[in-house]
Amino acid sequence: MNHQNFTTTFSVGQTPAEAFNAINNVRGWWSEEIEGSTDTLGDEFTYRYKDVHYSKLKLIEVIPDKKVAWLVLDNYFNFTEDKSEWKGTKITFEVSKKGDKTEVHFTHLGLVPEYECYGVCSNAWGSYINGSLRGLITTGKGRPNPKEEKAGQQQ
């Protein structure tokens with residue numbers, strides 16, 4: 001069995017502090033549908049995407065300009081047999097200086113190919129991390145999921 005956690009890495013010309021601050025601006029790159037604080041050790045926040053995905057996460061490691069780690073406290077998918085597949089997994093962002101570049105190394109520990117959501121989830125993480133987060137760091141603008149329009153509101 002392949003127990004390979006999902007991981008991806010990219011480099012940018014910005015400083016480790018700029019990358020670190022962007023990572024903690026979760027509403028700026030993952031979703032505007034985040035509730036709770038996302039930047040201090042012990043903070044808990046929730047992510048929601050329509051009725052498809054819900055996650056409750058806790059910041060379990062915060063080393064300024066170097067590392068952020070989240071523990072998935074609770075999770076729900078409407079498209080997998082095991083609705084709570086991510087529960088108990090850990091998501092890490094490691095920031096380091098490599099020459100004149102800053103490297104951001106993302107790992108979702110426990111998101112392995114045996115998971116039913118691995119294909120969908122790894123593609124989504126790849127897009128959020130390499131596209132939206134990288135864009136937020138380099139241009140100041142990410143591509144997070146927009147806030148969902150509530151029933152009765154016109155688009």
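These notes walk through the main features of a predicted model.

1. The sheet. Start with the strands. There are 7 of them, and they form an open sheet. Their order is 1-7-6-5-4-3-2, with antiparallel pairing. Strand 1 (6–12) and strand 2 (34–36) are the edge strands, each pairing on one side only. From one strand to the next, the twist averages 20°. As general background, strands of a sheet pair through backbone hydrogen bonds, either parallel or antiparallel.

2. One strand pair in detail. Look at strand 6 (residues 90–98) and strand 7 (residues 101–109). They pair in the antiparallel sense over 9 bridges. To find your place in this pair, use lysine 97, which stands opposite threonine 102 in strand 7.

3. Helix 1 against the sheet. Helix 1 covers residues 16–24. It lies across strand 4 (53–63), strand 5 (67–77), strand 6 and strand 7. Its direction is at about 165° to strand 6.

4. Helix 3 against the sheet. Helix 3 takes in residues 118–139. It lies across strand 1, strand 3 (44–49), strand 5, strand 6 and strand 7. Relative to strand 1, helix 3 runs at about 15°.

5. The length and bend of helix 3. Helix 3 has 22 residues, so at 1.5 Å a residue it should span 32 Å. Its end C-alpha atoms are 29 Å apart, which agrees. The helix bends by about 25° at tyrosine 128. Just after helix 3 comes glycine 140, with a positive phi of about 85°.

6. Threonine 107. This residue is found in strand 7. Is threonine 107 buried or exposed? Threonine 107 is buried, because its relative accessible area is 11% and the cut-off for buried is under 20%. Leaving aside residues up to four places away in sequence, threonine 107 touches Asn5, Phe6, Thr7, Lys90, Ile91 and Thr92. Its side chain also makes a polar contact with the side chain of histidine 105, at 3.4 Å.

7. Two loop residues to check. Most residues other than glycine have a negative phi. Lysine 50 is not a glycine, yet its phi is positive, at about 45°. Lysine 50 sits in the loop between strand 3 and strand 4. Its relative accessibility is 46%, so it counts as partly exposed. Aspartate 65 is not a glycine either, and has a positive phi of about 65°. Look for aspartate 65 in the loop between strand 4 and strand 5. Aspartate 65 counts as partly exposed, at 31% relative accessibility.

Note on methods: Residues are numbered from 1 along each chain as its sequence is written. This is a predicted model: local features need pLDDT of at least 70, side-chain atom pairs count only at pLDDT 80 or more; totals for chains, interfaces and linings use all residues. Side-chain values use heavy atoms; hydrogens and water are left out. Two strands pair if DSSP finds at least two bridges between them. Helices (H or I, at least four residues) and strands (E, at least two) are DSSP runs, numbered from the N terminus. Axes are lines fitted to C-alpha atoms, for helices over the stretch in contact, and angles run from 0 to 180 degrees between N-to-C directions. Contact means heavy atoms within 4.5 Å. Buried means under 20% relative accessible area, exposed over 50%, partly exposed in between (1.4 Å probe, protein chains only). A polar contact is a pair of N or O atoms within 3.5 Å; within protein, one must be able to donate a hydrogen and the other to accept it, and residues adjacent in sequence count only if both atoms are side-chain atoms. The expected span of a helix is 1.5 Å times one less than its number of residues. The bend at a residue is the angle between axes fitted to the seven residues ending there and the seven starting there.
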